[in-house]
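Work through the following exercises with the sequence and the model at hand, and try each task before reading its solution.

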Amino acid sequence: MDATAHTHDLGHEHPPKGIMRWLTTTNHKDIGTLYLWFSLIMFLSAGSMALMIRAELFEPGLQFFQPDFFNQLTTLHGLLMIFGAIMPAFVGFANWLVPMMIGAPDMAFARMNNWSFWLLPPAALLLLGSFFVPGGAAAAGWTLYPPLSIQMGMGMDMTIFAIHLMGISSIMGSINIITTILNLRAPGMSLMKMPMFVWTWLITAYLLIAVMPVLAGAVTMLLTDRHFGTHFFNPAGGGDPLMYEHIFWFFGHPEVYIMILPAFGIVSQIIPTFARKPLFGYASMVYATASIAILSFTVWAHHMFTVGMPAAGQLFFMYATMLIAVPTGVKVFNWVATMWRGSMTFETPMLFAIAFVCLFTIGGFSGLVLALVPVDIQLHNTYYVVAHFHYVLFSGAAMSIMAGVYFWLPKWTGHMYDERLGKLHFWTTTIAFNITFFPMHFLGLAGMPRRIPDYALQFTTFNQVASVGAFLLGMSQLIFLVVVLKCIRGGKKAPSKPWEGADSLEWTLPSPAPYHSFQTPPVVK
């Protein structure tokens, strides 16, 4: 058999085309692209569920949905946003950028990289399909608390299986990212010379490997309680539903930081680029990221102040929660110091990054409010909590993803996006986001409970404002879709350094500052 025929058999002469190219690809850029598209589809799906929730809450009384279906919507909205939209988007960024930023030829385990993506679509189909089985999707909230989750129909089993698939995907992706960063860096790139985005992903990947098996354990115990006669969470058999909460939140709180640390990394790349200055306090940013990750394991029970834990436990978790504000504050001050006296321009990525810093800080402050035990006992399970975590996760995670997409689109597509449409998307998103979620602080302070499809008359006005804001927010994401599609199809060719004047501070940044950042920055020609 001659060599030509042999290579033909191996498929080297004719690499797969069309759908087979995407199914079999081991190229980190292709896989990054798949993750980002999957994330966008899930973002729009989960967003449409949020709009159904807000439509129901426009007025008191039941308008469109029965309470059971309303609760199914809240469960699926949460699970799809977290495991379908935010996390896959950040993994997409990691796939695209980490090898390029550290000078690696590709990810360390290219085939495993392909597999870790292709586990996600079946998981998403299981979650969405759970609406259409007897009993419907799980209506126990995204936290899947027993005893409700033990009594649900087969939609709950589909949800558990989907969570297992997503967890396996996350663990494989994390192993890949850690191995790539630790073993495939270019000669001379020490750990303390890596761009901040790479650092945040290295730390996030360790967090994922530590906590995803904990979630897997919790949902497996639920599964055996449901079908195999165990009584982990059933008091009648000597179990305790509170044990589920402890196990779940031991996963759940680090998970919150898994969704925000890569956002910190993206913003730490964007702000120095548009301020024309190196990142202020690079080493302190690295240490702050690591401290946030370590402390995230010590605060899980602040989600459980109302369960009757002893005062000593409440005090410990209150102080530990407030302590996380310190490294987070270091990061915010460093971003502000980076912008201080910089030659700033305000293209769309920078606008999103600045909005991130401002709005994420509001979310952080409302988190400090909820860290206080006596306050949290009053506000627990009210709309104040909904406002808090949306300020952290929408204006934090989702808006940083949008910032990153605008920042790297020229790199990914070779074309510049439409700046006018980008700014329109930014302003409509930011204004609509605040119209939607700011009134929820007041609803929560007034005592409106979350996950309830009906409410008392006095909450009507704020709910109507929030619902109008939500529909505006949903519509403005269609502008984002148009910008991305337009940019992929063509447009002005991107120069080799798209962010003009950024000089060497471009896709990656030599991170330690060459001069004291409070001095006058050098003039960029």
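The exercises below deal with cavities, cysteines and one asparagine.

The model is predicted, so local features need pLDDT of at least 70 and side-chain atom pairs count only at pLDDT 80 or more, while totals for chains, interfaces and linings use all residues. Residues are numbered from 1 along each chain as its sequence is written, and side-chain values use heavy atoms, with hydrogens and water left out.

**Exercise 1.** Describe the largest cavity by its volume, its lining and the helices behind that lining.

Solution. Begin with the term: on a 1 Å grid over the protein atoms alone, a cavity is a set of points where a 1.4 Å probe fits but cannot get out, and lining residues have an atom within 4 Å of a point. Grid points are joined across faces, edges and corners, and a volume is the space filled by probe spheres set on the points. A search of the whole structure then gives 2 cavities of 30 Å³ or more, and the largest has a volume of about 130 Å³. Its lining holds 14 residues, of which Tyr35, Met87, Val91, Ser169 and Ser170 lie nearest the centre.

Next, assign the lining to helices, which are DSSP runs (H or I, at least four residues) numbered from the N terminus. At least two lining residues come from each of α4 (67-102), α8 (154-183) and α9 (196-227), and α8 gives the most, with 6 residues.

Finally, sort by class, where Ala, Val, Leu, Ile, Met, Phe, Trp, Tyr, Cys and Pro count as nonpolar, Asp, Glu, Lys and Arg as charged, and the others, Gly among them, as polar. The lining of the largest cavity has 10 nonpolar, 4 polar and no charged residues.

**Exercise 2.** Carry out the analysis for the second largest cavity.

Solution. The volume of the second largest cavity is about 40 Å³. Residues that line it include Met87, Phe90, Val91, Trp201, Thr204 and Leu208, and α4 and α9 each supply at least two lining residues. By class, 8 residues of this lining are nonpolar, 1 is polar and none is charged.

**Exercise 3.** Determine whether cysteine 358, cysteine 487 and asparagine 334 are buried, partly exposed or exposed.

Solution. Buried means under 20% relative accessible area, exposed over 50%, and partly exposed in between (1.4 Å probe, protein chains only). Cysteine 358, at 45%, is therefore partly exposed, whereas cysteine 487, at 1%, is buried. Asparagine 334, in helix α14 (residues 325-339), is buried because its relative accessibility is 6%. Leaving aside residues up to four places away in sequence, asparagine 334 touches Phe280, Gly281, Ser284 and Met285, where contact means heavy atoms within 4.5 Å.

Key
On a 1 Å grid over the protein atoms alone, a cavity is a set of points where a 1.4 Å probe fits but cannot get out, and a pocket is an open set with protein on both sides within 12 Å along at least five of seven lines; lining residues have an atom within 4 Å of a point.
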